[in-house]
Structure formats: structure tokens, C-alpha cells
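Here is a set of short exercises to work through with the structure open beside you. Try each task before reading its solution.

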Amino acid sequence: MNEPRTPSSPPAQPSLTDRRKAATQLDIARAAMELFTEKGPDATTAEEIARGAGVALRTFYRYFRNKQDAVGPLLASGGDRWRELLAATEPGTPLPQALESAAAATLSPPDEAAEEALRGTRTLLRAAQDDPALRAVWYRVNQESEEKLLAVVTHLAGPDADPLETRLTAAAATDAIRVALELWSTTEATTSGPDSPAALAIRGLRHLTAGTGGERGAGADE
């Protein structure tokens with residue numbers, strides 16, 4: 001019998017089955033995003049999303065409860081990438097600096113595809129303002145992200161870290177990213193510059209993680 005994973009252990013790698021499931025979910029999510037962008041959530045049906053993803057309607061409902069739920073994987077993808085980068089942090093890096101660096105890399109799109117994905121998130125967050133079901137998906141994604149981030153933060157902080165501090169750090173960091181994206185979505189700011197998601201997130205992280213005892217991240221713009 002395998003021993004249970006301790007709180008300080010790095011996250012386990014997904015199985016092949018889980019990766020295939022995630023790929024199908026992402027295909028459905030992209031189809032939903034395209035239709036939401038073109039028609040809006042209200043005018044889009046689950047049948048149209050399934051058809052756009054090339055899957056049966058029963059497959060759609062195997063993975064998602066409703067049409068708004070279908071974009072969850074896209075909304076969660078940025079957090080997934082952030083945690084991957086954070087988990088790969090060089091040992092000995094102060095935690096606040098590690099959080100900033102990972103956030104900056106995640107929210108600074110390196111190519112057109114990544115930039116389009118970030119703009120898609122803005123479209124969804126704008127739609128969520130008038131769609132309670134879509135807003136609920138966004139809140140759920142952030143709650144799940146915080147829970148997953150806690151394992152990474154605990155691992156990086158080490159076995160002697162205060163559990164209260166690590167939980168507060170995970171919560172504050174998740175909220176900093178969430179608020180940055182929500183604020184950015186209400187503007188016409190670009191994906192780079194002083195009002196970009198990356199810049200807003202770094203400012204938020206510096207405010208919210210000020211009490212963690214680490215030094216501010218070096219090299220990040222104000």
C-alpha cells in the first residue's frame with residue numbers, strides 16, 4: 001500500500017487517462033469559448049458546444065454540468081501554469097519572489113496564441129458580470145486553485161513553516177491574481193505595460209504577501 005502523501009510533498013503527476021480526459025475537456029472548453037465570444041452564453045446551447053468540439057452530447061454532460069461549466073478548464077489553465085512554474089522554483093528562492101516571478105511569466109503571453117487565450121479570459125470575465133452561472137464557475141476555479149496552490153506553497157516553504165502563514169499566503173496569492181484579472185477585464189488595457197494583468201498581479205502580490213516575512217521579488221516592475 002502506498003503511503004499517503006504528506007502536505008510538503010510535490011503534487012503527483014497525472015496519469016495517461018487523466019491527461020486524455022483533460023484534453024477532451026479542453027477541446028470542449030475551446031468550442032464553448034468560441035461560441036460564447038461569437039454569440040454570448042445566453043444564445044449558446046450545450047448541443048452547439050458539443051458539435052463544435054466534435055463530441056456527442058452525452059460526452060459533453062459526462063464532463064460538464066452545464067454550458068457555463070464547460071469553460072472551466074480554460075479559466076483554470078493559467079493557474080495550472082502558475083503552479084507548474086512555482087513548483088519548479090530554484091531552491092532557496094524567497095517565496096514572495098517566487099510567487100511574483102511565476103505570476104509575471106504566466107500572465108505575460110510569449111506568443112499570439114497565449115495572448116489570444118488571455119483576451120479570451122477577459123471576454124469570459126466580462127460575460128460573467130451578467131451571468132451568475134458563469135461567475136460561479138470563475139469563483140469555483142479560484143477556490144480549487146487556492147487549494148492546489150497550498151500544496152505547492154507548503155512544499156516550497158519547508159517543513160518548519162507556520163501552517164497559518166502558508167494558508168494565508170496561498171489565499172492571498174490566489175486573490176491577487178483573481179482581482180488583477182477581474183480589474184483588467186473591465187478596461188481596454190493591453191496584455192503588457194503598467195495596467196496589464198502581470199503588472200496588476202505583481203502589485204497585488206506585493207500588497208497581500210507583505211506579511212510573509214520574505215523580501216520583495218527582485219527585478220519585477222512596479
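A polar contact is a pair of N or O atoms within 3.5 Å. Keep that cut-off at hand, and remember that this is a predicted model.

**Exercise 1. The start of a helix**

Find which residue caps the N-terminal end of H6, and through which atoms.

*Solution.* Begin at the N-terminal end of H6, where the cap is Asp 111. Next, look for the partner: a side-chain oxygen of Asp 111 lies 3.3 Å from the backbone nitrogen of Ala 113. Finally, compare with the cut-off, which is 3.5 Å for a polar contact.

**Exercise 2. Length and packing of H6**

Work out what span helix H6 should have, and compare it with the distance between its end C-alpha atoms.

*Solution.* Helix H6 runs over residues 112–128, which makes 17 residues. The expected span is 1.5 Å times one less than the number of residues, so H6 should span 24 Å. In the model the end C-alpha atoms are 24 Å apart, in agreement with that value.

Now turn to the sides of the helix. Leu 118, Gly 120, Thr 121, Arg 122, Leu 124, Leu 125 and Ala 128 are the buried residues of H6. These buried residues pack against six helices, listed here with their ranges:
- H1 (16–39) and H4 (72–87)
- H5 (95–107) and H7 (132–157)
- H8 (163–185) and H9 (197–208)

**Exercise 3. Two salt bridges of H6**

Describe the salt bridge of Arg 119 with Glu 115, then that of Arg 126 with Glu 188.

*Solution.* Some background helps: side chains of opposite charge can pair when their charged atoms come close. For Arg 119 and Glu 115, the N to O distance is 3.1 Å. Both residues belong to helix H6 and sit four residues apart, about one turn of the helix. Arg 119 has a relative accessible area of 27% and is therefore partly exposed; Glu 115, with 25%, is partly exposed too.

For Arg 126 and Glu 188, the N to O distance is 3.1 Å. Arg 126 lies in helix H6 and Glu 188 in the loop between H8 and H9, so this pair ties together parts 62 residues apart in sequence. Arg 126 is partly exposed at 32% relative accessibility, while Glu 188 is exposed at 65%.

**Exercise 4. A salt-bridge network**

Name the residues that shared partners join into one network with Asp 69.

*Solution.* Start with one pair: Asp 69 bridges to Arg 65, with the closest N and O atoms 3.7 Å apart. Asp 69 counts as buried, because its relative accessibility is 6%, whereas Arg 65 counts as exposed at 61%. Then follow the shared partners, which join Arg 65, Asp 69, Arg 140 and Glu 144 into one network. The structure as a whole holds 14 salt bridges.

**Exercise 5. Two loop residues**

Decide whether Ser 196 and Gln 68 are buried or exposed, and list their partners.

*Solution.* Ser 196 sits in the loop between H8 and H9. Its relative accessibility is 2%, so Ser 196 is buried. The side chain of Ser 196 reaches the backbone oxygen of Gly 193 at 2.8 Å. Beyond four places in sequence, Ser 196 touches Trp 184, Thr 190 and Thr 191.

Gln 68 is in the loop between helix H3 (57–63) and H4. At 10% relative accessibility, Gln 68 is buried as well. A 3.3 Å polar contact links the side chains of Gln 68 and Asp 131. Apart from neighbours within four places in sequence, the contacts of Gln 68 include Phe 36, Ala 133, Leu 134 and Val 137.

**Exercise 6. Core and confidence**

Identify the residues with the most contacts inside the largest nonpolar core, then check where pLDDT is under 50.

*Solution.* The largest nonpolar core has 48 residues, and Ile 49, Phe 60 and Trp 82 have the most contacts inside it. At least two residues of this core come from each of H1, H2, H4, H5, H6, H7, H8 and H9.

For confidence, the mean pLDDT of the protein is 88. It stays under 50 over residues 1–9, a stretch with 10 contacts beyond four places in sequence. Residues 212–222 also have pLDDT below 50, with 20 contacts beyond near neighbours in sequence.

Note on methods
Residues numbered from 1 in each chain as written. Predicted model: local features only at pLDDT ≥ 70, side-chain atom pairs only at ≥ 80, totals over all residues. Heavy atoms only, no water. Buried < 20%, exposed > 50% of the residue type's maximum accessible area, 1.4 Å probe, protein only. Contact = heavy atoms within 4.5 Å. Polar contact = N/O pair within 3.5 Å; in protein donor to acceptor, adjacent residues only side chain to side chain. pLDDT = per-residue confidence, 0-100. Salt bridge = Lys/Arg side-chain N within 4 Å of Asp/Glu carboxyl O. Core = buried A, V, L, I, M, F, W, Y, C linked by side-chain atoms within 4.5 Å.
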